[in-house]
Amino acid sequence: MARFARPPEGSWTAHHPELGTGLVSFEDSVSPAFFEQEREAIFKRAWLNVGRVEQLDRDGTFFTKDLPGVGTSILVTRAADGRIRALHNVCRHRGNKLVWDGTPRGEACGRARQLVCRYHGWRYGLDGVCTYVHQENEFFGLRKDALGLAPVHCDTWAGFIFVNLAREPEWSLRDYLGPMVGALEGYPFERMTERYSFRAENGSNWKIFVDAFQEYYHVAPLHTHQLGPTPEARNPEYPFEAAHYQIDGPHRMVSTSGTHKHTWPKEHLYPAEALTRSGNTGPWDAPDLGPLAGVNPSGTSRWGIDNFQVFPNLEMLIYERGWYVTYRYWPTSHHTHVFEGDLHFAPARTARERLAHEYAALTFKEYGLQDCGTLDGTQMGLEQRAFAEFPLCDQEILVRHFHKTVGDWVEAWRERAAEATR
């Protein structure tokens with residue numbers, strides 16, 4: 001695990017000679033052929049987060065999750081035995097999508113004793129076992145015990161539910177997450193059960209949006225009015241830098257100071273911020289959550305936010321004021337993807353606390369619009385192929401690492417495929 005302090009005379013990138021300092025190609029974000037390869041090489045091999053255990057708060061609950069990048073829909077269930085399972089959302093009879101809401105493309109959740117196929121009425125328990133076949137006597141040598149739903153490898157970590165679509169995963173979930181992400185296992189995620197969810201379809205490759213949150217070099221020009229109360233900080237040429245970068249296997253993280261608006265004079269705040277005691281870095285009044293394991297690994301004195309990026313498509317932004325955000329990016333083509341953002345708070349105890357959460361959710365959307373407002377432009381620019389490679393600065397080390405990791409996974413998959421044909 002790479003965990004270094006930045007030397008005064010050096011750089012973050014100097015700690016990683018394997019990444020180099022040269023120009024970087026983003027062909028992996030515009031090539032349809034590469035998109036097809038990374039679906040197989042990455043999304044069908046990596047552990048993918050599909051939800052939280054709070055979505056299955058009691059026995060007999062379920063939710064569905066569509067994974068468009070790999071053409072898969074799964075059922076995540078908690079059966080009567082209390083075990084959380086993942087199952088392919090496909091009826092064993094004729095392959096109909098088993099559970100949906102509204103239309104076959106609508107995701108569903110709820111409580112049920114059995115899951116019933118709308119096409120021919122076959123039924124399954126939440127453990128995947130086939131329990132009923134309509135007009136069973138008309139089939140030939142049929143055995144219900146051999147006609148259950150197809151399982152998907154599933155495991156939980158710190159309350160996060162992960163699935164792996166490989167026939168046999170190459171790593172256990174904990175080995176895959178490694179020590180840097182794994183250090184968060186004791187963080188009180190389970191205390192933050194009040195959730196606000198957002199979903200958007202974007203006209204860009206999924207990696208382009210991931211890149212937007214891997215560096216803070218863009219903060220001064222793009223988020224000028226959120227930086228600070230002084231005229232210098234609101235200058236788009238203000239030299240903003242993150243406090244810490246860290247790499248562990250395919251995963252990455254970056255720490256920054258945040259804006260600490262709860263310390264600002266009122267004359268530098270929007271009236272709504274002063275009224276709600278909340279804003280783009282969350283509610284000012286932090287709940288008492290006890291020890292916060294795994295965060296601020298560099299011991300930054302004015303720590304505000306940690307952004308842990310779990311390869312390939314999950315980000316966890318943990319805020320100093322006692323709340324967190326998750327981002328997930330689901331590719332749908334080489335130049336489109338679905339973005340999901342979820343804000344998690346300790347449940348509000350008063351109307352004021354609820355209002356602070358609501359206002360934080362509103363400002364989250366404002367920040368998100370500022371960031372995603374550049375995505376179409378980046379995709380359009382890259383697809384012109386006016387340049388084959390691009391320079392990256394020292395603060396963009398995680399962008400450099402991310403694209404190298406994507407390339408390494410795809411190249412390893414290509415070599416295995418070629419070996420299998422010999």
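Modeller: Before we look at this predicted model, one definition helps: two strands count as paired if DSSP finds at least two bridges between them.

Biologist: How many bridges join β7 to β8, and in which direction do these strands run?

Modeller: In general, the strands of a sheet pair through backbone hydrogen bonds, and the pairing is either parallel or antiparallel. Here, β7 is joined by three bridges to strand β8, which covers residues 123-125, and the two run antiparallel; within this pair, Tyr-124 of β8 is the bridge partner of Leu-115.

Biologist: What is the order of the strands in this sheet, and why is one side of β7 and of β9 left without a neighbour?

Modeller: The sheet is open and has three strands in the order β7-β8-β9, with antiparallel pairing. Because β7 (114-116) and β9 (130-132) stand at the edges, each has a single partner strand, and one side of each is therefore left without a neighbour in the sheet. From one strand to the next, the twist averages 35°.

Biologist: Turning to the interior, which residues have the most contacts inside the largest nonpolar core?

Modeller: Such a core is a set of buried nonpolar residues joined through side-chain atoms within 4.5 Å. The largest one has 77 residues, and Trp-157, Phe-189 and Met-316 have the most contacts inside it. Strand β17 (residues 323-333) gives the most to this core, with six residues, while domain 1 (17-42 + 180-421) and domain 2 (48-164) each supply at least three.

Biologist: Which residues does Phe-189 touch, not counting those up to four places away in sequence?

Modeller: Among them are Arg-52, Glu-54, Phe-160, Met-316 and Tyr-324. Apart from this core lies another, of 17 residues, including Phe-62, Cys-91, Leu-98 and Leu-149.

Key. Residues numbered from 1 in each chain as written. Predicted model: local features only at pLDDT ≥ 70, side-chain atom pairs only at ≥ 80, totals over all residues. Heavy atoms only, no water. Helix = DSSP H or I, 4+ residues; strand = E, 2+ residues; numbered from the N terminus. Axes fitted to C-alpha atoms, helices over the stretch in contact; angles between N-to-C directions. Buried < 20%, exposed > 50% of the residue type's maximum accessible area, 1.4 Å probe, protein only. Domains from an automatic or database assignment. Contact = heavy atoms within 4.5 Å.
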